[in-house]
Amino acid sequence: MPAPEISVVIPVYNEEAGLEALFDRLYPALDALGTRYEVLFINDGSRDRSAALLRRRFEARPEVTRVILFAANFGQHLAISAGFEHARGDIVITLDADLQNPPEEIGRLVDKMREGYDYVGTIRRDRQDSLFRRWASRAMNGLRERITRVKMTDQGCMMRAYSRAIVAAINNCQEVSTFIPALGYSFAMRPIEIEIGHAERHAGESKYSLYSLIRLNFDLMTGFSVLPLQMFSLAGIAVSVLSVIFVVYLALRRILVGPEAEGLFSLFGIAFFLIGLTLFGVGLLGEYVGRIYQQVRHRPRYFIEAILEKRTDPPHD
Ligand code: UDP
Ligand code: MG
């Protein structure tokens with residue numbers, strides 16, 4: 001069987017409520033493209049019936065469906081990494097399982113790739129998420145724009161297309177904590193962005209708690225910039241210079257005006273501010289060190305329990 005032109009990579013975590021609806025829209029949309037394709041589902045250690053539903057889907061369309069079953073929950077970006085390592089298409093498209101990005105738009109991404117772009121990013125038109133999520137995304141997009149060299153309008157939109165060359169480069173990275181769209185962008189030579197539609201989650205709830213969202217954004221910031229660390233060196237220098245001036249001033253004042261014990265609470269204020277700054281700095285350092293530690297242990301990034309796919313190469317004898 002020749003390699004497909006398009007691989008669609010979909011991470012799945014506790015999505016039993018919406019999977020059938022996804023199948024019902026995804027496969028017709030891909031069939032309509034009239035080209036060879038494969039769909040790669042990665043079950044990210046779901047605790048619901050997702051794995052069983054994916055197995056059934058594999059049995060229904062084995063020639064275009066492949067399923068990777070993780071033994072535990074390793075996170076969306078590692079699930080996509082595993083999908084990339086197994087994808088065979090020239091064009092690899094990532095998509096969320098919750099139908100927030102319409103599968104019918106895949107054709108537009110493919111058209112752009114065929115025009116010669118190697119990375120098609122997307123911007124969500126009329127984003128259908130809570131006010132808080134939209135506000136937080138805007139803040140994080142702005143921060144990323146300033147501290148990293150990754151330029152994208154809407155970092156949270158996962159429906160994107162990557163060329164075979166970029167996927168190969170990503171596969172070489174072996175990063176434990178990563179952010180695939182940014183990593184892909186860093187290898188892109190001809191990137192472009194298009195607007196696509198956005199809907200509310202079809203069923204179930206967001207799989208990201210506030211905590212995992214914060215961790216994900218730390219992955220993005222620490223993974224693509226050391227500027228936060230450098231800011232602390234600069235802040236340290238600024239505080240030292242100010243302190244020297246302050247000490248000289250206090251010494252002169254002591255000689256010229258005499259001793260004083262007023263201003264105790266302003267001193268507290270200043271001390272608390274500096275302690276806060278120091279703790280934040282230590283914590284930030286810890287974010288980097290923790291990631292370095294995870295990376296240097298060289299443990300497998302994820303553990304695959306089983307892969308459901310049709311054999312394509314003839315068995316050896
Ligand atoms: N997901 C995953 N592992 C996780 C969390 C999420 O594979 O630990 C998948 C999830 O099934 C979905 C996609 O990643 O296909 C995006 O998750 P979600 O829609 O909950 O995120 P949101 O749209 O709220 O940012
Ligand atoms: Mg979603």
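This is a short talk on a predicted model, going from its ligand site out to a few individual residues.

Hi everyone, thanks for coming. Please keep in mind throughout that we are looking at a prediction.

Let's begin with ligand 1. Which residues come nearest to ligand 1? There are 17 residues around the ligand, and the nearest of them are E15, D44, D98, S206 and K207. If you sort that shell by character, you get seven charged residues, five polar ones and five nonpolar ones.

Now for some distances. The side chain of D98 has an N or O atom 2.6 Å from an oxygen of ligand 1. For Q100, the matching distance from a side-chain N or O atom to a ligand 1 oxygen is 2.8 Å. R201 also takes part, with a polar side-chain atom 3.0 Å from an oxygen of ligand 1. And how much of ligand 1 does the protein bury? On its own the ligand exposes 530 Å², and the protein buries 93% of that.

Two of those names come straight back when we turn to the metal. Ligand 2 is a magnesium ion, and its coordinating residues are D98, through OD, and Q100, through OE1, at 1.8 to 2.0 Å. Are these two residues buried or exposed? D98 has a relative accessibility of 6%, so it counts as buried. Q100 has a relative accessible area of 11%, so Q100 is buried as well.

Between them in the sequence sits L99, and I'd like you to look at its backbone. L99 is not a glycine, yet its phi is positive, at about 65 degrees. Why point that out? Because most residues other than glycine have a negative phi. L99 belongs to the loop between β4, residues 91-94, and α4, residues 106-114. With a relative accessible area of 4%, L99 is buried.

There is another positive phi to show you, at H298, where the angle is near 55 degrees, again in a residue other than glycine. H298 lies in the loop that runs between α10 (264-296) and β8 (304-308). Is H298 buried or exposed? Its relative accessible area is 68%, so H298 is exposed.

Back to L99 for a moment, since it has a partner I want to introduce. E200 touches L99, Q100 and Q128, once residues up to four places away in sequence are set aside. You will find E200 in the loop between β7 (191-196) and α8 (210-224). With a relative accessible area of 57%, E200 is exposed. Compare E200 with N101: the two are 99 residues apart in sequence, while their C-alpha atoms are 8.9 Å apart in space.

N101 also turns up among the contacts of R124, so let's go there next. R124 is part of strand β5, residues 119-124. It counts as buried, because its relative accessibility is 13% and the cut-off for buried is under 20%. What does the side chain of R124 make a polar contact with? It pairs with the side chain of D154, at 2.8 Å. Leaving out residues up to four places away in sequence, R124 touches N101, D129, D154, G156, C157, I196 and H198.

Two more strand residues and then I'm done. In strand β6, residues 160-163, we have A161. Its relative accessibility is 0%, so A161 counts as buried. Beyond its neighbours within four places in sequence, A161 is in contact with I91, V92, I93, L109, M113, D118, Y119 and V120. By contrast, take A161 and Q128: 33 residues separate them in sequence, and their C-alpha atoms are 22 Å apart.

Finally, T65, in strand β3, which covers residues 65-70. At 1% relative accessibility T65 counts as buried. Where does its side chain reach? It makes a polar contact of 2.8 Å with the side chain of Y27, and it also reaches the backbone oxygen of R61 at 2.8 Å. With neighbours within four places in sequence left aside, T65 is in contact with Y27, V39, F41, R57, F58 and L308.

If you take one picture home, let it be D98 and Q100: both coordinate the magnesium ion, and each has a side-chain N or O atom at a short listed distance from a ligand 1 oxygen, 2.6 Å for D98 and 2.8 Å for Q100. Thanks, and I'm happy to discuss.

Technical notes. Residues are numbered from 1 along each chain as its sequence is written. Chains are lettered from A and ligands numbered from 1 in the order in which they are written. This is a predicted model: local features need pLDDT of at least 70, side-chain atom pairs count only at pLDDT 80 or more; totals for chains, interfaces and linings use all residues. Side-chain values use heavy atoms; hydrogens and water are left out. A residue is near a molecule or strand if one of its heavy atoms lies within 4 Å of it. A polar contact is a pair of N or O atoms within 3.5 Å; within protein, one must be able to donate a hydrogen and the other to accept it, and residues adjacent in sequence count only if both atoms are side-chain atoms. Accessible areas come from the Shrake-Rupley method with a 1.4 Å probe; for residues, only the protein chains shown count as cover. Ala, Val, Leu, Ile, Met, Phe, Trp, Tyr, Cys and Pro count as nonpolar, Asp, Glu, Lys and Arg as charged, and the others, Gly among them, as polar. Helices (H or I, at least four residues) and strands (E, at least two) are DSSP runs, numbered from the N terminus. Buried means under 20% relative accessible area, exposed over 50%, partly exposed in between (1.4 Å probe, protein chains only). Contact means heavy atoms within 4.5 Å. Donors are N, O and S atoms within 2.8 Å of the metal (3.2 Å for Na, K and Ca); water is not among the atoms, so sites may look incomplete.
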